[in-house]
Amino acid sequence: LYCLFLDTDRALVLLEEYCKKLRKPEEQQLKKAIRKVMGIFKSSLFQALLGSFTKKATRHGTISHPSPPAAVAYDVLGCPKD
């Protein structure tokens, strides 16, 4: 359970780092979309849903790594998924 929340935090860090690299005018729409996703990840509703998801997954033994938010960040940034 705790690991999924850390993955969410890591995803946010990776997305923020990626946003800093988006400086060209044609990249601003992507930057805006990523910032919107980051806002969703930080929202109390998303955190509550993530907590609910992890509790259910823990009960059913279906937790896998990385968490959904981290997986999105890894895909966007082209990072390996260890």
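In which helix is Lys-31 found? Lys-31 is found in helix α2, and Figure 3 returns to this residue. The model shown in every figure is predicted.

**Figure 1. Overall fold of the predicted protein chain, with 4 helices and 0 strands.** Along the sequence the elements follow the pattern α-α-α-α. Mean pLDDT is highest in helix α2 (residues 28-42), at 93, and lowest in helix α4 (residues 68-77), at 60. Over the protein chain pLDDT averages 76, and 56% of the residues score at least 70. The chain has 82 residues, of which 30% count as buried. About 5700 Å² is exposed, with carbon and sulfur atoms supplying 60% of that area. Among contacts in the chain with a separation of 6 or more, 60% are between residues 24 or more positions apart.

**Figure 2. The largest nonpolar core, made of 9 residues.** Its members are Leu-12, Leu-15, Cys-19, Leu-22, Ile-34, Met-38, Phe-41, Phe-46 and Leu-50. Helices α1 (2-21), α2 and α3 (44-60) each supply at least two residues of this core. In soluble globular proteins, nonpolar side chains tend to be buried together. Setting aside residues up to four places away in sequence, the core member Met-38 touches Leu-12, Leu-15, Glu-16 and Cys-19.

**Figure 3. Surroundings of Lys-31 in helix α2.** Lys-31 is buried but has no salt bridge. The nearest side chain of opposite charge is that of Glu-16, 7.3 Å away. A salt bridge requires a nitrogen-oxygen distance within 4 Å. With neighbours within four places in sequence left aside, the contacts of Lys-31 are Cys-19 and Leu-22. Both Cys-19 and Leu-22 belong to the core of Figure 2.

**Figure 4. The salt bridge between Glu-16 and Arg-35.** The structure holds 1 salt bridge. It joins the side chains of Glu-16 and Arg-35, with an N to O distance of 3.2 Å. Glu-16 lies in helix α1 and Arg-35 in helix α2, so the pair ties together parts that are 19 residues apart in sequence. Are the two partners buried, partly exposed or exposed? Glu-16 is partly exposed, with a relative accessible area of 24%. Arg-35 is also partly exposed, at 38% relative accessibility. Glu-16 is in addition one of the residues that Met-38 touches.

How values were computed
Residues are numbered from 1 along each chain as its sequence is written. This is a predicted model: local features need pLDDT of at least 70, side-chain atom pairs count only at pLDDT 80 or more; totals for chains, interfaces and linings use all residues. Side-chain values use heavy atoms; hydrogens and water are left out. pLDDT is the predictor's confidence in each residue, from 0 to 100. A nonpolar core is a set of buried Ala, Val, Leu, Ile, Met, Phe, Trp, Tyr and Cys residues joined through side-chain atoms within 4.5 Å. Buried means under 20% relative accessible area, exposed over 50%, partly exposed in between (1.4 Å probe, protein chains only). Contact means heavy atoms within 4.5 Å. Accessible areas come from the Shrake-Rupley method with a 1.4 Å probe; for residues, only the protein chains shown count as cover. Lys and Arg count as positive and Asp and Glu as negative; His and the chain ends are not counted.
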